[in-house]
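Please open the model in a viewer and keep the selection panel at hand. The stops below proceed from the whole assembly to single residues.

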Protein chains: 2
Amino acid sequence: MTTYTAPVDDMQFILHDVLQISTSGVPGLDELDPDFTKAVLEEAGKLASGVLHPLNKVGDEQGCKLENGVVRTPEGFKAAYDKVCEGGWIGLDCDPEYGGQGMPNLLNSCVGEIFVAANMAFNMYQGLSHGAYNAIHTHGTTEQKQTYLPKMVEGTWSGTMNLTEPQCGTDLGLIRTKAEPQDDGTYRISGQKIWISAGEHDMTDNIIHLVLAKIPGGPDGVKGISLFIVPKFMVNEDGSLGERNAVSCGGLESKMGIHGNATCVMNYDGATGFLIGEMHKGMRAMFTMMNEARLGVGVQGYSQGVVAYQNALAFAKDRVQGRDVTGAKNPEGVADPIIVHPDVRRNLMDQKAFTEGARAFALWGAQLLDRSHRSDDAEAEALVSLLTPVIKGFLTDKGFETTVLAQQTLGGSGFTTEWGLEQFVRDARITMIYEGTNGIQSLDLVGRKLGLNGGKTVMGFFELIKTFIKENEGDTALKEGFLDPLKAASKDLQGAATYFMQNGMKNPNEALAGSYDFMHLFGHVCLGYMWAQMAKAAHAAKANGTGNAAFYDTKIATGRYYMARQLPATGMHRARIESGAAPVMALDVDQF
Amino acid sequence: MTTYTAPVDDMQFILHDVLQISTSGVPGLDELDPDFTKAVLEEAGKLASGVLHPLNKVGDEQGCKLENGVVRTPEGFKAAYDKVCEGGWIGLDCDPEYGGQGMPNLLNSCVGEIFVAANMAFNMYQGLSHGAYNAIHTHGTTEQKQTYLPKMVEGTWSGTMNLTEPQCGTDLGLIRTKAEPQDDGTYRISGQKIWISAGEHDMTDNIIHLVLAKIPGGPDGVKGISLFIVPKFMVNEDGSLGERNAVSCGGLESKMGIHGNATCVMNYDGATGFLIGEMHKGMRAMFTMMNEARLGVGVQGYSQGVVAYQNALAFAKDRVQGRDVTGAKNPEGVADPIIVHPDVRRNLMDQKAFTEGARAFALWGAQLLDRSHRSDDAEAEALVSLLTPVIKGFLTDKGFETTVLAQQTLGGSGFTTEWGLEQFVRDARITMIYEGTNGIQSLDLVGRKLGLNGGKTVMGFFELIKTFIKENEGDTALKEGFLDPLKAASKDLQGAATYFMQNGMKNPNEALAGSYDFMHLFGHVCLGYMWAQMAKAAHAAKANGTGNAAFYDTKIATGRYYMARQLPATGMHRARIESGAAPVMALDVDQF
């Protein structure tokens, strides 16, 4: 029942009007002219609307099935996957040395949003592969890269990340999976991993598992963890597939959403593994990939909001019920379309203003990542590192909320399976949990990232906003609707940070008890900053007479909405933070 | 995997320490002494924990099945329903003239919370019957009452409410179901109703449908709607069952949650119906039941939060992961229970402070309803009428949010079906939609209820809070933590109401665009008011040396949390409201 259309114009606006990528001086971004990106995004959009989205409900309804150790993905998934491979999408931003197209992360993020919005469960298969590709590409030996990457880049092999065990998720120091060194330099991997997305399936010839495990005798806790490559099928010297390795899927998780993706219990029964990166430095290897993976989940979060909004909007224009109190808008019909009602409008504007702001924020993050990788820009690297937990935590919380709002637009229909909105809610929910729960993101932000470079990185972020406000203060089109609220919100953020600095040293709980609110406060400031930039770009484009004036007017009005209706949340978050740790920690455990 | 324990002590505290029912001067409430209510609540709790809750997951997994026109409820539902009937729970607050126990709505609300928390889908079967009972009891003729009520009160027959049709939910003026007068005084009912909860099932001998329909030739719109009794089986003069009526279930809705309850398409193919109440006054008849039904949905909303919180808390005490940053709390174990972490604590406190405040608010509403019915108190009636959309809208929005928070406490386990938390989220979601979406509640609040009695009712509400603050201002135990934030929140609410008054006359959209925020603002003020009263009652009980001091200390600390961490939301809602309708209505429909 649902449909999806790639928001190509909105993405083009961000890439070229706002981020101005082709003049950003970053190798790789410079070459992306508007015609090229448009062609790529439209092509991705066709695949998304025509092939991936129609399978979204199929995947939800059929789910995956484990039969005699083999996982069957939903009907049509394999054929669709082959089309994605044929289009070269799997290796879009991968290293050309291994068959990739070498495109920037920024473009890959746009395509990622399109594919994920169309079918999140489906896209996770390649998403996880990409994480495994990154791990091998960054930490593997030349031989490892040559053995695994070409097949992973073309998509004939896929990959997984194996971290969680029943007794440990966040606290990986508790890992029990063992890696015993063998005489031939390989390791014998034994243990059980759970919640392994795409751990087993029927879409690729081989699956390359990346597994965290402990080598006996190593240091305790996270310092004794190493990372291993464990292929499902051993790879012969000539690249052909050899024996089946001793790794198998022991069960599929039944879960709230993303039914089309196989969430596996993986049993390693003395499987052959190959150390990747340094011994006992597996956590470090994992963390180097974390930024990109978390940015990817941030994109997943708001992308479900995007597709949910599109369908809510269509419903609100189509469904007639009641009359506009200021006068009938559809007098020849029995009632007016519900979009005339102010409260429906509020709901839709919340969805629209968030998702468009979120996209700008996530793409800014991707641009910073490209800048850090391609221009060796340490400042950009630090800034994206600061913003990553905000992009992951805030955009997934609000993305989920957006799917709930969209579901609400449909009233009773929103609760039915038939209309499809409820699936977006169920699918979006996982983004708040995996790749580090949003609580963990907030701890990362407050506990690690605020102190990055002795606090210089966050000060640099405040400076960015201050400078932007200063430079544009004379612009009356921006002053009242954008710059003033941004200034107030930024003041709340700085006030909250100051509270942490003044109180967190004496009692770390003073900072930790406010971390979640701080993450949201930070997110609102970032979206306010993005909307101010979008408004500026829209005014400039209008002044230049380029493009469609109505499009830019819509951007400006949507931005005004965000500033007026969403940004006031910063005062609330600040007040909560400044109420301190005492109310949060008042009860003894046994008083609960 | 989940468990449920009735919160008897918490309920006793509200009934006797806070609402002080046995000295409230309301007939029926006066007789409810603490020993009696405790015995009733404990008995309900046993049934809920031992019989109803174990069927919660069964109902979700099996759902209902339609086979040859017969709806099969999940295994065990019928046996459990019989136990509920045997205990006399169905007729707890029903008229003794028809076999009921004549208990106040307040006590029924407590039992309702317990049953709904244990198994919402199951409890809806009797919940809908209760609505139908009310309609017949209030509007039926003596003969109609004698024919239907005794069987409905004992539970051998159930009832339904039939409002929605494919083309109309909120806008009932668009109803097409026809009721043609017959020579014998009956009506021939033809049409299709959708989303009829418990429309068909195998738990009772007969189902009494209450159906809104139009008598041809009547006025257009809602003024031409009449209400009819349409029994599944005709009832013979001696009370025995006669022929099957021409009403049947044409399909079951597949939906996000409450799978254990049959949501039916009902086809009326010239069924025999009996007019109930006045011709063309069907909407009025429905509305007289609305307050109670909506209060009931408010209870459903927070009750899912209650059971979700109980399970999240158990997990947080049991699951060990990481260490308390201020020093290990479980040094002999490999890690500390996650409840030591401030952000987990924040999450749990949000759940606890909301659900306990919500219960107090809903029970206050029930007490007002009893006062209005049993003491013919017009002021109480007006006040509960004002508060009803807030209880329905705010408590279901926040109840749903609470289930999401509880799910988050469990991390990845929260997303799995096995742990059961995700079911609470899916089940709670409907409460924001049915019995009038929460958007509709906010319109009811702002469009109808604020103007009740020329605004005197809402002024009376403000006065209540003002008086409470004034009377207790000298109490240093309450001043800073409770009265000051309540005063600030109440000021925000009055400010927002003033904004509506000053701007809504010129342009109704100025009020309507802020209605949803106003409903939440109002809800926070009410919960703040309840927590202030609970804190006062707890201090008084401590001073009297009655009961368990630790219990009262916990109440006070939980209240402080609400005031410090939740009440600051009022400023945000007010700012959103005062930003006016312009940002909300800025876009033309085709700009979306």
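The tour of this predicted model begins with the pair of chains and ends at a single loop residue.

**The two chains together**

Display chains A and B and colour them separately. A rotation of 180° with 0.0 Å of shift along its axis places chain A on chain B, with an RMSD of 0.0 Å. The two copies are thus related as by a two-fold rotation axis. The same surface serves both copies, since 100% of the contact residues of chain A recur in chain B.

To locate the axis, select A:M572. Of the residues of chain A, A:M572 comes closest to the rotation axis, its C-alpha lying at 3.1 Å.

**Chain A as a whole**

Hide chain B and show chain A as a cartoon. The cartoon should display 20 helices and 11 strands. Along the principal axes, the C-alpha trace of chain A spans about 80 × 60 × 55 Å. The radius of gyration of chain A is 24 Å, which agrees with the value near 25 Å for a compact globule of 592 residues.

Of those 592 residues, 64% count as buried. Among the contacts in chain A with a separation of 6 or more, 73% are accounted for by residues 24 or more positions apart.

Next, switch to a surface representation of chain A. About 20700 Å² is exposed, and carbon and sulfur atoms supply 50% of it. Colouring by charge picks out 51 positive and 69 negative side chains in chain A. The centres of these two sets lie 5 Å apart.

**Helix α12 of chain A**

Select residues 421-429 of chain A, which form helix α12. How many of the 9 residues of this helix are buried? The count is 9 of the 9, so helix α12 is largely enclosed by the rest of the structure. The buried residues of α12(A) include A:E422, A:R426, A:D427 and A:R429, as well as A:L421, A:F424 and A:V425.

**The loop at B:L450**

Bring chain B back and select B:L450. This residue is found in the loop between α13 (438-449) and α14 (456-472) of chain B. Is B:L450 buried or exposed? B:L450 is buried, with a relative accessible area of 14%.

Now show the surroundings of B:L450. Leaving aside neighbours within four places in sequence, B:L450 is in contact with B:L386, B:L445, B:G455, B:V458, B:F500 and B:F518. For a final distance, pick the C-alpha atoms of B:L450 and B:F500: these residues are 50 residues apart along the chain, and the two atoms are separated by 9.8 Å.

How values were computed: Residues are numbered from 1 along each chain as its sequence is written. Chains are lettered from A and ligands numbered from 1 in the order in which they are written. This is a predicted model: local features need pLDDT of at least 70, side-chain atom pairs count only at pLDDT 80 or more; totals for chains, interfaces and linings use all residues. Side-chain values use heavy atoms; hydrogens and water are left out. Copies are superposed by least squares on the C-alpha atoms of residues with pLDDT of at least 70 in both. Contact means heavy atoms within 4.5 Å. Helices (H or I, at least four residues) and strands (E, at least two) are DSSP runs, numbered from the N terminus. The radius of gyration is taken over C-alpha atoms; the globule rule is 2.2 Å times the number of residues to the power 0.38. Buried means under 20% relative accessible area, exposed over 50%, partly exposed in between (1.4 Å probe, protein chains only). Accessible areas come from the Shrake-Rupley method with a 1.4 Å probe; for residues, only the protein chains shown count as cover. Lys and Arg count as positive and Asp and Glu as negative; His and the chain ends are not counted. The place of a charge is taken as NZ of Lys, CZ of Arg, CG of Asp or CD of Glu.
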